[in-house]
Structures are given as C-alpha cells and as structure tokens.
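Student: I'd like a close look at one small part of this model, and then how the rest fits around that corner. Could you take me through it?

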Amino acid sequence: MILDTRYLILRLGQAVLVLLLAFTAAFILLSLIPGDGVTARFADPALGLSNDQIAEIRAATAADDSWFGKYLTSLTGFLTGDFGYSVQTGAAVSTIIAAALPSTAVLAASGFVTALVLAVIIAVFATFGPAPGPTAKVRRVLDSVPSLFISIPVFWLGILLIQVFSFQLGLVSVVDPGPAEALVLPTLTVAVPLSAPIAQVLIRSITEVQASGFVKVTTAKGASELWILVHTVARNAVLPGLTIIGLVFGELVAGAVVTETVFGRNGIGLITAQAVTHRDNPILLAVVVIATFGYAIINLAVDLLYPVIDVRLLTKRSAASAGTALRSHDEPTRRAMTATAASVGVDLDWNDETKEKNS
Amino acid sequence: MSIVFTRGQGTGTDTRRVRGGRARAAITPATIASGLVLLIAIAWALFPGLFTHFDPNDGGDTPALLAPSLEHWFGTDQTGRDAFTRVVYGASQSLLAALVAVGVGLIVGTTIGLIAGTRRGFVDDVLMRLIDVLLSIPAILLSLSIVVVLGFGTINAAIAVGVTAIAQFARLARSQAVQINTSDYVAAAYGSGGTFFSVLVRHILPNSISPVLSLAVLQVGSAILQISTLGFLGYGTPPPTPEWGLIIAEGRNFVATAWWLTVLPGLVVMAIVLATHQIGNTLRKVTS
Amino acid sequence: MTESSLLRIDGLSVEYTRRGGSAAPAVSELDLVVRPGSMTAVVGESGSGKSTTANAVIGLLPFSARVAAGRIRLGEVDLLSLGTSGWRGVRGSQIGYVPQDPGSSLNPLQTVGKSVAEALRIHRRAGRAEARAQVIELLDRVGIDQPEKRADQFPHELSGGMRQRVLIAAAIALRPRLLIADEPTSALDVTVQKQVLDLLDELRTETGMGILFITHDLAVAGERADEVVVMQGGRIVESGPAGRVFSDPATDYTSRLIANAPALQTKARPDRTEATTQTDTPFVSVESLTHIFDRTGDQITGIEGVDFTVARGTTHGLVGESGSGKTTTGKALTGFLTPQSGHVRIGDFDAAELGRGRPSRQRLREFRSSVQLVHQNPFSALDPKHSIRSTLTEPLRNFRLGDRTSRPRLVAEAMDRVALPTDFLDRRPAELSGGQLQRVAIARALIVEPELVVFDEAVSALDVSVQAQILTLLDELQQELGLTYVFITHDLAVVRQIADTVSVMSHGHLVDDGATEEIFTRPRSAYTRTLLEAIPRPATLSAAAAPANDRPATPTLLTAAAES
C-alpha cells in the first residue's frame with residue numbers, strides 16, 4: 001500500500017499554494033489596507049517622539065518600503081518565525097504567541113477529544129437498536145441532539161456552566177482553581193458545540209451504511225447487530241467522519257477564542273480578542289496565518305490518510321469507464337457537501353436525487 | 001422471447017401524490033412551533049412597541065437587578081432597564097444583521113459557484129482555489145480580520161460574517177450546477193439549439209436554486225449565532241443599543257447575583273436559531 | 001407432497017404501515033413451495049410484491065412492514081415464530097441469500113476473502129486459518145480463477161460477474177438448504193448472466209439445495225425454473241410448472257406479457273435494405289472513428305476504428321453490452337463529443353469537425369437542427385421545472401422557426417404527431433408517465449424537422465407494452481417524414497423489430513455489420529453468436545419452436561437493467 005507519489009506531491013503543492021494565498025489575503029487585509037500603522041501610532045504628539053526617532057522606527061519597521069517590499073519582508077519573516085512586533089506593547093509577536101500557545105493547545109486538545117467521545121456516543125446510541133420498541137424513543141431524542149447543540153451560543157454556554165457548576169452547585173471553583181479544575185468547564189464549553197457536526201456526520205454515515213446492500217447481505221448471513229456495528233459499519237462510517245474532523249478545526253478555533261474570553265484563560269483566543277480591540281494587526285496577522293497553517297496541516301493529514309482507509313482510492317482501475325471517472329472526480333465535492341451540511345448543524349442529504357437514481 | 005418488466009415508473013397521479021404527501025409529512029408539530037417562533041421574532045424586529053411598553057435604553061426609576069416577575073418577564077438589569085424589552089428591541093439589530101450576512105454569502109457565493117460549475121476548466125480551478133483559501137482561514141478569524149478593517153458595528157460585523165459564508169454557498173451552487181450541467185435535459189437543451197447563456201438562465205439556474213435557498217435559511221441561524229458572538233466580544237453594535245450578544249455580555253457581570261440576565265436572553269437566541277434550522281430543513285425536504 | 005417441500009409459504013400477507021395509519025398490503029394470500037434441488041421462480045414487475053416475499057422468507061422485512069397472516073415453514077421450522085437469536089441461527093446456515101446488485105453488496109473496505117469467510121466467522125464454524133482454506137475452496141467452486149490471489153483483492157478490483165460469484169460463494173459457505181436469489185442477474189450483461197445461471201443450476205443439482213428465484217424477466221424464469229409464480233399487485237396471478245405456464249398461460253395477464261415481448265412481433269414493414277443499398281452515397285457515413293478514454297493492455301475504454309454507413313430513410317441498429325462503446329459512438333454522431341480521429345459524415349456535415357477549429361455559430365445551429373438525440377431516460381431528459389409547452393417551444397425559439405402566431409400551431413401538431421392530447425401541454429414532466437414523457441422527448445426532437453434522429457437506448461427504460469407502442473410510433477413517423485434513425489441499444493429484440501441494418505459492438509470495436517436478418521440468421525463473428533446464444537429462452541418454447549432450427553435462437557431482450 002504505497003501512496004501514489006504524484007498524488008502526494010500534488011496535494012502538498014496545493015496545500016502550500018492555499019497557505020500562500022491565505023497569507024497574501026490576510027496581509028492585504030491586515031497590513032496594507034489599514035495603511036501606515038507607525039504614523040498612526042507614534043506620530044501622536046502626546047508621545048513626544050522627535051522626528052528622528054520616528055524616522056528610526058520607520059526604518060526599523062520598514063514602513064517606507066513599497067507594498068511589495070513589505071510583503072516580501074513580512075513573508076520571509078513568517079518563514080523564519082519572525083512575526084514582527086506588537087503595536088500595542090512593542091513585544092515580539094512570536095514571544096507573545098509562544099507564551100500563550102501551550103494553554104490553548106491543551107484546551108483545544110481536551111475539547112476536541114471530549115467532543116469526539118460525545119459525538120461517537122450520541123451517534124452510536126442514535127442509530128443502534130431495532131426501530132420499533134423501547135429504544136426508538138431514545139433514538140429519536142438523541143437524533144435531534146446535534147441540532148440542539150449547534151444552536152447553543154458558545155459564550156452563553158460558558159456562562160451557563162459557570163452559573164450552574166460554580167455558583168449553584170459549587171462543584172467547580174472559578175476563583176482559584178487547580179490546573180485540572182480550571183480545564184473542566186472550558187473543555188465542556190468547547191466540546192458541546194463541536195460535537196454536533198461530528199455527531200451529525202457520523203449519524204448520517206452510519207445510517208447510510210446500515211441501509212447499504214452489504215449490511216443486508218451480512219445480516220442474511222446471521223450476524224447480530226453488534227457484530228455488524230463492530231465489523232462492518234464502523235470502518236465504513238469512519239470515512240466521512242474523518243473529513244469532518246479536518247473541517248471542524250475552524251469551529252475549534254472559534255470555540256477557543258470565545259471560551260478563553262469567557263473564562264479569562266490566558267491563551268491565543270484571549271490574545272486575539274485583545275488584538276482586535278486594540279487593532280493590534282501584527283498579532284492578528286500572525287494568529288490568522290498560524291491557524292490557517294494548522295487547518296492546512298490537519299486537512300493534508302486527513303487527505304493523505306483517506307486513501308489508506310478507503311482502499312478504493314488506491315487503485316485507479318475503478319475509473320475504468322468514462323462514467324465512473326466523472327463520479328470519482330466529484331467525490332471530494334460530495335464529501336465537502338456533507339461537511340458543509342453538518343457545519344450548519346442539520347442533516348442534509350443534498351445527494352437525494354443522485355442516490356435515488358443509483359438505487 | 002422474453003418479457004422484461006421495468007422498475008420505478010410512477011404514473012403522473014402517483015408522483016403528484018408522493019410530492020404532496022412528502023410536503024405533508026415534513027410539516028410536523030415541531031415545524032409549526034418553529035414557524036411561530038420565527039414569526040414572533042420577525043414581529044419583534046418590525047414592531048417592538050407592540051410587545052412591550054418599557055424603554056429599552058432607559059430604566060427610569062425602576063430598581064436594578066429585579067428578578068423575573070409578571071411585570072418584568074426577564075427581570076431588570078443593572079440600570080433598571082427591562083431585560084425582556086431589550087431582547088425584543090434587539091431583534092431588529094440581530095435579524096437585520098443576519099439577513100445582510102446571508103445576503104452577502106448567497107449572492108457572491110452562488111454567482112461564483114454557478115460560474116465555476118458551468119464553465120469548468122481553468123475558470124473552475126481558479127475560483128475553487130480561491131474558495132479553498134476562504135475555507136482555510138478559520139471563520140472567526142476571518143470575520144475578526146474584516147471587522148478590524150471595516151470598523152466595529154452591526155452592519156460591518158454582518159458583512160464580515162457574510163464573507164465567511166461565501167465558501168459554503170459557492171461549493172453548494174457549484175456542485176448543483178455540475179450535476180445539472182451533466183443532466184440529460186441540459187444536453188437536450190443544447191441539442192435544441194440553446195446557447196450557453198440561455199441554458200444557464202432557463203434550465204441550470206431554476207433547477208439548482210432551491211437547495212441553495214434552503215441553505216440560505218439554514219445559514220440565517222448560524223449567522224445569528226456568529227453575529228451575537230461578535231457582539232458579545234464587543235465588536236458589534238456599540239452600547240447602549242440592544243443587541244443579543246451585547247445583552248448577554250452585559251449580564252455576564254452579574255452571573256452570581258442575577259442569573260436571568262444571561263440565561264433568559266440566551267434561551268431566546270437558542271430558540272430562534274433552532275427554529276431557523278428546523279424551517280430550513282423542512283424547506284429542503286419539501287423542495288428536493 | 002408435504003414431505004418433499006423444503007420451503008412452504010401458506011396464505012402469506014404482508015402489510016406496509018404508513019404514517020397516518022393506512023395499511024397497504026404488499027403481498028396478500030401468497031402460497032408457494034420450493035422443493036429440495038429444484039428452483040421456484042417468482043416473476044413480477046416492480047410493486048408486485050416479489051421482493052417483499054423474499055425478504056419475508058429471510059426475515060429482513062423493513063420495519064414498516066408487518067406479516068398480517070400466513071405461515072412460512074422451512075422444513076419443520078416455523079420461520080415467523082423465530083425471535084432475534086432464532087433468526088441468527090437460521091440465516092446463513094439454513095438459508096443463503098444472493099442479492100440483486102453485486103456492485104453494492106460487498107463491503108468495499110474488506111477483501112472478498114473476508115466477505116466469503118464472514119458466515120463461517122459469524123457462526124463460529126472455523127478459525128482464521130481454517131476459514132481461509134475453505135474460502136479458497138469456495139471461490140474455486142464458483143468458478144473464480146486464481147482463488148488465492150482473488151481472495152486478497154477488494155470488490156472494486158473485480159468485475160460484476162465475478163462479484164456475483166463471490167456473493168454466491170459467501171451464501172453457500174455453510175451449505176444452506178435454501179438459497180434465495182433476489183434478481184441475481186439483473187445488473188449483469190447477458191453473457192455473464194448465462195454463466196451465473198449455469199453456476200446456480202450446477203450447485204443445486206450437486207448439493208440438492210432449493211432455490212427461490214426472484215426475477216422480473218419471464219424468459220429467465222421460463223428457461224431455468226421448475227415452477228413459476230407470476231405476481232401482480234401483491235397477488236399470485238398464475239402459478240404452476242414452468243412448461244405449462246409458458247405453453248398454455250391460464251390468465252390474460254400472463255398471455256399479454258408473453259404477447260408483448262417485442263421478439264414475437266413480426267416486422268410490420270417492407271424490407272427496404274435492397275432498395276437502399278443501391279444508392280451510392282449513404283446519408284450517414286462513419287469512417288474509422290476513434291476516441292479512446294483509457295487503454296489497459298489490449299482492452300480499451302472508448303471506441304477504435306468504427307466504420308458503418310446508414311442509407312437515407314432507413315434505421316440502423318447499434319448493439320452492444322455495457323462498455324462496448326455504443327454510447328460514445330452515439331455522442332460522436334450527435335456532435336456532443338469530438339472524436340480524437342475519424343469522420344462522421346452526415347449529409348454535408350462532418351460531425352467530427354464541428355468541435356475542431358471554430359465552426360460558425362450558424363453552422364453548428366444548422367447541424368443541431370438536422371441531427372437530434374433522444375435520450376435513454378425520459379424522466380431525466382425533460383427539465384422538471386418547465387411545462388410541456390415550454391419544452392416544445394424552446395427549440396422553435398432557439399432555431400427561429402415559426403413566429404409568435406404560428407408556434408402554438410406547430411407545438412399542437414407535434415403533440416398530435418406523437419399521439420398525445422393537447423391538454424397535456426400545461427402539465428409538468430412529473431405529471432406524466434414514462435411512455436408519455438418519451439413521446440414528448442420524441443416530439444421535441446422532431447419539431448425542428450431533423451433528418452437524422454439518434455435514439456440512445458430510448459425504449460429500454462420503458463415497460464414492454466409501452467415499448468411496443470413507441471416502436472410502432474417511430475416506424476410510422478419514419479415512413480411519414482422520411483427520417484433516418486440510428487438506434488443504440490443493448491436489446492437484440494428491439495433491433496430486430498425496427499432496424500434495417502445492424503452493427504454489433506464489443507469492447508470499443510465493431511465486430512459485425514450487415515442487414516438485420518442476416519446478422520440474426522448468419523452471425524459472422526463469434527461474439528455475435530455468443531450474444532445470441534446467451535439469450536434466455538423458456539425450455540418449453542424453444543422445444544416447441546424446434547422446427548425452426550435454421551435460426552440459432554429466438555432473439556429476446558438482453559436484460560433491461562444492464563444499462564441503468
């Protein structure tokens with residue numbers, strides 16, 4: 001099972017291109033359009049800087065270069081880990097971010113894992129068991145849980161959790177918590193809305209696999225429902241789940257920004273919020289680029305992992321006739337559609353018609 | 001000699017019955033309740049004065065931080081303003097912003113998607129790479145960056161949120177266009193002498209638009225959430241104008257003493273978002 | 001009698017409950033017997049309840065279905081009284097199941113060896129190593145070459161016929177007494193169908209298992225089954241020994257089905273081949289047409305070096321199995337595909353040149369109005385959002401035919417020509433049946449007064465009786481308007497009924513070409529002969545038709561589903 005090197009290089013090149021374009025867009029948005037940040041900040045007479053000093057700062061920050069010069073300076077800076085200086089404090093952006101990153105990484109990781117566990121639990125219980133009978137009600141309820149979870153404003157959820165667990169029940173202290181205790185509520189705040197799109201996609205793909213011909217054949221061989229879930233459904237249902245994991249990264253970032261603000265946790269999210277308030281564009285630019293980099297890496301990993309799990313993509317023989325070639329070309333689109341659907345929190349089968357045609 | 005039956009042929013009346021039945025099956029009590037919730041929200045936005053007689057921005061001499069009562073359904077805030085009144089008056093800001101956001105995403109995204117899906121080739125590749133770029137920047141960071149450039153305010157926040165929605169509309173519109181572009185009836189339309197433009201307008205657009213419109217309805221819900229998030233962070237409407245995110249942000253300082261200032265407005269937002277999802281989902285089921 | 005029955009269904013009724021409470025019976029009062037070593041075929045069209053019957057026997061009815069009455073006994077076991085674990089003991093070990101669509105019935109992420117071993121593992125009959133040996137033996141048994149290698153391949157690496165063999169191997173792994181085969185060959189080409197049916201025959205004589213065979217194809221049932229049960233609307237219309245049902249159908253329904261088979265209808269028109277072959281310049285002339293999508297070894301996807309001619313005013317049939325390249329040829333004929341090389345001369349146009357260089361708009365427009373295409377699936381060939389009137393007016397406007405005042409008349413004439421009432425004009429496609437839609441599609445093609453009409457499987461999606469009507473209509477229109485037809489199909493019967501000349505295609509090459517009767521009576525290529533021989537024919541009938549021995553076979557339909 002050796003991956004096609006051509007595919008690897010193509011996919012890698014694509015990721016680099018997207019990253020470069022994203023950097024360019026962010027640079028135009030945050031560095032070029034706002035204009036001369038140095039003048040805006042340091043020419044204030046109240047600061048009492050002399051013209052020479054201002055000129056010195058201008059030279060140091062390359063403020064007088066042409067836009068392309070600035071772009072190149074900034075790009076090489078990013079490639080070497082030099083993200084410039086904060087307009088607000090004057091500290092190096094890289095230092096600020098390095099200080100804040102670990103705490104956010106911990107929150108993101110724990111939030112993501114919790115969301116994954118939640119999603120799998122919801123999805124399995126929403127699809128398992130015979131349709132009629134006592135489990136049907138449970139399934140119906142669980143089936144609508146993702147819809148509910150995605151409608152919750154994240155910031156409100158954070159406040160609500162503090163309200164209930166700290167003030168009403170007194171279970172978790174928010175005043176001076178230990179490191180683990182401090183992580184519990186923020187993790188939940190991140191995880192609950194994040195679990196919704198994952199659960200949505202899992203429910204949908206499990207249902208789809210359960211309705212497929214090969215599950216019927218396996219049932220006809222005498223397999224129990226649990227056997228089928230473990231041996232047949234799980235692996236097939238994981239494929240779309242993998243794609244959504246790549247795509248919820250954006251939600252994870254949003255969750256971190258809001259959660260850190262609500263809980264006052266020092267991290268990338270809080271820095272970002274403060275940077276926006278103070279229009280500290282260099283910090284914002286660095287955060288955007290780093291987050292986009294994270295997104296690109298995760299999706300690259302997902303795309304490279306995909307053919308390993310889905311053996312059909314390894315051989316090209318499936319594209320034997322013109323018709324199937326067209327269909328397999330549209331497969332990424334189809335995956336993206338499912339993810340899009342899930343990200344707005346509802347079970348959408350955009351592919352209704354095609355499915356009917358194929359059946 | 002052989003006799004072959006064919007499958008899957010409904011007569012005309014059958015098909016009609018199925019369609020009507022599907023529409024009826026989709027309208028559940030939950031859908032009706034959602035419709036009511038949305039109607040109320042729209043009425044709040046248009047005629048807030050009908051629902052409350054308090055002033056949203058001036059508490060007068062009402063005591064601060066009153067618990068919910070028949071007089072003050074959601075209690076009063078730190079300056080004695082009626083919280084329910086502020087939520088009612090906030091509807092216009094939040095709903096208008098959501099509509100602007102979805103409008104931006106719908107118009108720009110659908111145009112890009114239709115062009116990419118029908119022209120294919122080079123144009124398709126370039127447009128889709130641009131959409132990839134839009135998708136690769138986490139939505140909240142993209143909207144924050146745009147807000148920083150445009151300045152704070154409800155409409156600017158709405159535009160920022162709308163830009164993040166472009167990618168989804170473009171992807172959906174493209175996949176619809178691709179699917180319809182390869183359908184037999186489009187081939188037949190070209191065979192009937194149609195030009196690219198006439199086929200686009202007469203066949204591709206009408207047939208691809210309904211899923212896009214259901215996505216638009218669904219997006220209203222997430223736009224409300226995203227805009228209230230920006231409002232909560234303080235980048236939306238400046239106080240004292242009521243906006244849902246801002247209302248909750250203000251109530252946050254009194255979590256310990258006045259739970260109603262955050263919990264109740266939050267529930268309202270959640271109910272409205274849930275309702276738009278339900279309606280959007282129903283629309284999709286009926287039109288597909 | 002009772003002792004000899006393996007499966008016995010008495011008075012079975014199955015109902016579907018819909019939301020709203022009304023129960024629609026899918027099967028009512030069904031009686032059926034399968035004896036050891038014999039095959040009972042259940043024949044019927046969609047909605048006749050035949051698949052519901054199969055699902056009831058293996059206990060896999062959808063949740064909305066309910067057995068309202070009746071008994072199903074497998075030997076001494078009352079299947080309907082089984083609980084969940086009871087069913088698990090019966091499925092796989094007592095009853096094997098072969099599904100309809102080999103494409104979607106194998107777990108795509110599992111090697112076929114594992115799929116075959118599944119039953120052994122589920123019922124704990126074999127360990128890992130032991131199972132492997134049995135799997136290879138089973139694959140070998142169902143006629144798969146290199147079983148060791150195949151066992152480690154994934155479903156997408158196998159052909160449709162091979163997958164169906166794998167599914168059969170999986171179903172017989174535990175040597176069940178009864179095999180349920182639900183349309184096992186409908187998705188396969190006719191030559192592959194024959195191989196699979198032969199395999200099932202061998203297995204049942206060898207092991208003595210009974211087969212419950214579900215099919216929509218009366219010919220297959222008649223050829224292979226010992227007993228036939230014809231179903232319509234959930235009820236048995238007729239049942240009995242296969243020979244009797246075919247030679248002496250007791251009900252109108254069955255005899256009408258047999259009568260509607262295109263192959264039984266004699267050619268209703270004079271043979272015009274002689275008259276036309278004399279003309280020196282044919283109207284359509286395809287010369288070394290080549291368009292290759294993909295090439296693996298000596299197999300190609302696409303077409304290579306296709307030559308044939310069609311005289312003006314005649315019908316040319318283009319026959320082939322899936323993947324033969326006939327659709328690609330059709331696309332090149334109608335100018336929807338620019339071939340890599342070769343010529344497609346139609347009158348004074350060369351369709352192959354249209355896409356090369358830049359033909360003037362005017363030229364393309366003229367070509368489009370003189371060559372029209374009718375698609376396979378009438379349900380997808382008409383824009384669902386447009387009324388029939390708007391669909392028919394569109395080409396008139398595009399080609400600037402007629403004017404505001406004369407167009408309604410032209411549209412009405414077109415409707416009249418295809419024998420549709422004019423009050424259909426304001427309906428939308430969803431309100432019409434398949435046959436009516438295909439008439440509209442034909443009307444749309446003819447309204448621009450073309451000279452050549454290409455039909456891409458234009459009747460294969462239709463019911464047999466509707467098919468016959470459309471073919472008659474096309475024949476009348478041809479004589480009335482002097483049209484030239486190219487008829488692309490997998491269906492030899494249709495070709496024989498309508499075509500003057502025929503080309504047979506296989507794997508992108510043209511293997512046989514000539515006048516229709518000649519191809520059918522004296523096929524030149526081995527492939528055409530295989531094709532003709534693979535056609536199922538009820539044993540009784542071929543025996544009855546034995547005097548006509550100079551003809552190799554009674555041509556019939558290849559399976560309709562092969563193309564969908």
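Student: In which sense do β4(C) and strand β5 (residues 77–78) of chain C pair, and over how many bridges?

Tutor: Happy to! This is a predicted model, in which local features need pLDDT of at least 70 and side-chain atom pairs count only at pLDDT 80 or more, while totals for chains, interfaces and linings use all residues. Residues are numbered from 1 along each chain as its sequence is written, and chains are lettered from A and ligands numbered from 1 in the order in which they are written.

To your question: β4(C) and β5(C) pair in the antiparallel sense, over two bridges. Two strands pair if DSSP finds at least two bridges between them; helices (H or I, at least four residues) and strands (E, at least two) are DSSP runs, numbered from the N terminus. In β5(C), D78(C) is the bridge partner of R73(C). The hairpin has two residues between its strands, and G75(C) takes a positive phi near 60° there.

β4(C), residues 65–74, also pairs with strand β1 (residues 7–17) of chain C, again antiparallel, over eight bridges. In that pairing D10(C) stands opposite R71(C) of β4(C).

Moving outward, 29 residues of chain C are in contact with 27 residues of chain A, contact being C-beta atoms, placed from the backbone, within 7 Å. On the chain C side, α2 (84–90), α3 (112–122) and β11 (284–296) each give two or more residues, and α3(C) has the largest share, three residues. By class this side has 13 nonpolar, ten polar and six charged residues. Here Ala, Val, Leu, Ile, Met, Phe, Trp, Tyr, Cys and Pro count as nonpolar, Asp, Glu, Lys and Arg as charged, and the others, Gly among them, as polar.

Chain A also meets chain B, where 49 residues of chain B are in contact with 54 residues of chain A. α10(B) gives the most to the chain B side, with eleven residues, and that side divides into 28 nonpolar, 16 polar and five charged.

One chain B helix rounds off the picture: eight of the eight residues of α9(B), residues 244–251, are buried, so this helix is largely enclosed by the rest of the structure. Buried requires 20 or more other C-beta atoms within 10 Å of a residue's own, with C-beta atoms placed from the backbone. The cover over the buried residues of α9(B) includes α7 (154–168) of chain A, along with α3 (83–119), α8 and α10 of chain B.

Definitions and conventions. Two residues are in contact if their C-beta atoms, placed from the backbone, lie within 7 Å. A residue is buried if 20 or more other C-beta atoms lie within 10 Å of its own, exposed if 12 or fewer, and partly exposed in between; C-beta atoms are placed from the backbone.
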